[in-house]
Amino acid sequence: MKKCHKCGKPMKLIVEPYEGIVSEAYRCPKCKTTIFTEDQALAFGKQYQQKLLKEKYAKHPIKIGHSYGMIFPRDLVRVFNLDSKDTKLNIRADRAKNKIEITVI
Ligand SMILES: [Zn+2]
């Protein structure tokens with residue numbers, strides 16, 4: 001049971017929209033202090049980032065030397081840390097479904 005750090009009352013688990021995202025949090029019934037646990041904050045953050053992304057991006061492949069590449073939109077770079085040296089992309093191709101799937105690892 002979470003207790004309010006201001007008044008010591010047991011906090012209630014609430015589920016309500018915040019910034020357009022339905023989110024879990026704890027609220028004190030007395031002083032209305034609202035807090036996110038770490039897990040709740042992470043879940044909110046992921047949903048918020050998802051909201052920033054478009055459903056679909058259409059891009060032409062571009063020729064780079066003898067290979068072809070794809071330009072990633074800026075918001076994808078930001079959300080998936082594509083500008084980090086530690087980021088790797090796994091590519092899986094499914095010819096039957098005409099699909100190339102990229103996973104960020
Ligand atoms: Zn309180």
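The following paragraphs describe the fold of a predicted model of a protein chain, moving from its overall form to its sheet, a helix and two loop residues.

The secondary structure of the protein chain comprises two helices and seven strands, and, read from the N terminus, these elements follow one another in the order β-β-β-α-β-β-α-β-β. The radius of gyration of the chain is 21 Å, which is well over the 13 Å given by the globule rule for 105 residues, so the chain is more spread out than a compact globule. Along the principal axes, the C-alpha atoms fill a box of roughly 65 × 30 × 20 Å. Burial was also computed for the chain, and 1% of its 105 residues count as buried. When contacts with a separation of 6 or more are considered, 21% of them join residues that stand 24 or more positions apart in the chain.

Three of the strands form an open sheet with the order 1-2-3, in which the pairing is antiparallel. Strand 1 (12-18) and strand 3 (34-35) are the edge strands of this sheet, since each of them pairs on one side only. The antiparallel pairing between strand 1 and strand 2 (residues 21-27) extends over seven bridges, and within this pairing Glu-16 has as its bridge partner Ser-23, which belongs to strand 2.

Helix 1 covers residues 38-52, and its 15 residues reach 21 Å from the first C-alpha to the last, a span close to the 21 Å expected at 1.5 Å a residue. This helix is hardly covered, for the count of buried residues among its 15 residues is zero. In an α-helix there are 3.6 residues a turn, so residues three or four places apart point the same way.

The backbone angles of two asparagine residues deserve separate mention. Most residues other than glycine have a negative phi. Asn-81, however, has a phi near 50 degrees, a positive value in a residue that is not a glycine, and Asn-98 likewise has a positive phi, of about 55 degrees, although it is not a glycine. Asn-81 is found in the loop between helix 2 (74-79) and strand 6 (89-94), whereas Asn-98 lies in the loop between strand 6 and strand 7 (99-104). A residue is classed as exposed if 12 or fewer other C-beta atoms lie within 10 Å of its own. Asn-81 counts as exposed because it has 11 C-beta neighbours inside 10 Å, and Asn-98 counts as exposed because it has 7 C-beta neighbours inside 10 Å.

Methods. Residues are numbered from 1 along each chain as its sequence is written. This is a predicted model: local features need pLDDT of at least 70, side-chain atom pairs count only at pLDDT 80 or more; totals for chains, interfaces and linings use all residues. Helices (H or I, at least four residues) and strands (E, at least two) are DSSP runs, numbered from the N terminus. The expected span of a helix is 1.5 Å times one less than its number of residues. A residue is buried if 20 or more other C-beta atoms lie within 10 Å of its own, exposed if 12 or fewer, and partly exposed in between; C-beta atoms are placed from the backbone. The radius of gyration is taken over C-alpha atoms; the globule rule is 2.2 Å times the number of residues to the power 0.38. Two residues are in contact if their C-beta atoms, placed from the backbone, lie within 7 Å. Two strands pair if DSSP finds at least two bridges between them.
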